[in-house]
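Thanks for making time this morning. I would like to walk through one chain with you, starting from its surface and working through the sheet to the helices and a few individual residues.

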Amino acid sequence: MRYTITIASENAPGTLYRIAGVLLRKKINIESLFVSEIDPVRHISHFTIKIELEKHLMEKLIKQVERVIEVTHAEYTESDLEMALLDH
């Protein structure tokens, strides 16, 4: 199943490396990645990552991503559902 992960984090050096490291250790391929600073005053960034993963592993992955010190929030949605809604 395809998923879209959205992450809010502090904008600090190495944050992308640590988040990607969580995926690398699980041998999960990143299909798409977009990062943008959404609050320059508080230095908050927003990550959007698209991956393909078995459903039962997704909750574990989100919990591991949330353990990254700079991450303030992480959640996921099913990308297949998003694509089906866009097609109609």
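Let me begin with the surface: the chain exposes about 6000 Å², and carbon and sulfur atoms supply 57% of that area, where accessible areas come from the Shrake-Rupley method with a 1.4 Å probe and, for residues, only the protein chains shown count as cover. Please keep in mind that this is a predicted model, in which local features need pLDDT of at least 70 and side-chain atom pairs count only at pLDDT 80 or more, while totals for chains, interfaces and linings use all residues. Residues are numbered from 1 along each chain as its sequence is written, and side-chain values use heavy atoms, with hydrogens and water left out.

Of the 88 residues in the chain, 33% are buried; buried means under 20% relative accessible area, exposed means over 50%, and partly exposed lies in between, with a 1.4 Å probe and protein chains only. If we take contacts, meaning heavy atoms within 4.5 Å, between residues at least 6 apart in sequence, then 66% of them join residues at least 24 apart.

Now to the elements. The chain has three helices and four strands, and from the N terminus on they run β-α-β-β-α-β-α; these are DSSP runs, H or I of at least four residues for helices and E of at least two for strands, numbered from the N terminus.

How are the four strands ordered in the sheet? The sheet is open, with the order β2-β3-β1-β4 and antiparallel pairing, and two strands are said to pair if DSSP finds at least two bridges between them. Because β2 (30–39) and β4 (71–78) stand at the edges with a single partner strand each, one side of each is left without a neighbour in the sheet. Neighbouring strands of this sheet are turned by 15° against each other on average, direction ignored; axes here are lines fitted to C-alpha atoms, for helices over the stretch in contact, and angles run from 0 to 180 degrees between N-to-C directions. Strand β1, residues 2–10, and strand β3, residues 44–52, run antiparallel and are joined by nine bridges, and tyrosine 3 stands opposite isoleucine 51 in β3.

Two helices pack on this sheet. Helix α1, residues 15–25, touches β1, β2, β3 and β4, and its direction makes about 25° with that of β3, whereas helix α2, residues 55–66, touches β1, β3 and β4, its direction making about 165° with that of β4. The buried residues of α1 are Thr15, Ile19, Gly21, Val22 and Leu23, and they pack against β1, β2, β3, α2 and β4.

Leucine 16, also in helix α1, is partly exposed, with a relative accessible area of 41%. Together with Leu33 and Val35, Leu16 forms a nonpolar patch on the surface with about 220 Å² of accessible area.

Finally, which backbone angles deserve a look? Just after α1, lysine 27 takes a positive phi of about 55°, although lysine 27 is not a glycine; this residue sits in the loop between α1 and β2 and is exposed, at a relative accessible area of 76%. Histidine 43, in the loop between β2 and β3, likewise has a positive phi, near 60°, in a residue other than glycine, and at 43% relative accessibility histidine 43 counts as partly exposed.

Terms used:
Patch = residues over 30% accessible without salt bridge, like charges linked within 9 Å, V, L, I, M, F, W, Y side chains within 5 Å. Salt bridge = Lys/Arg side-chain N within 4 Å of Asp/Glu carboxyl O.
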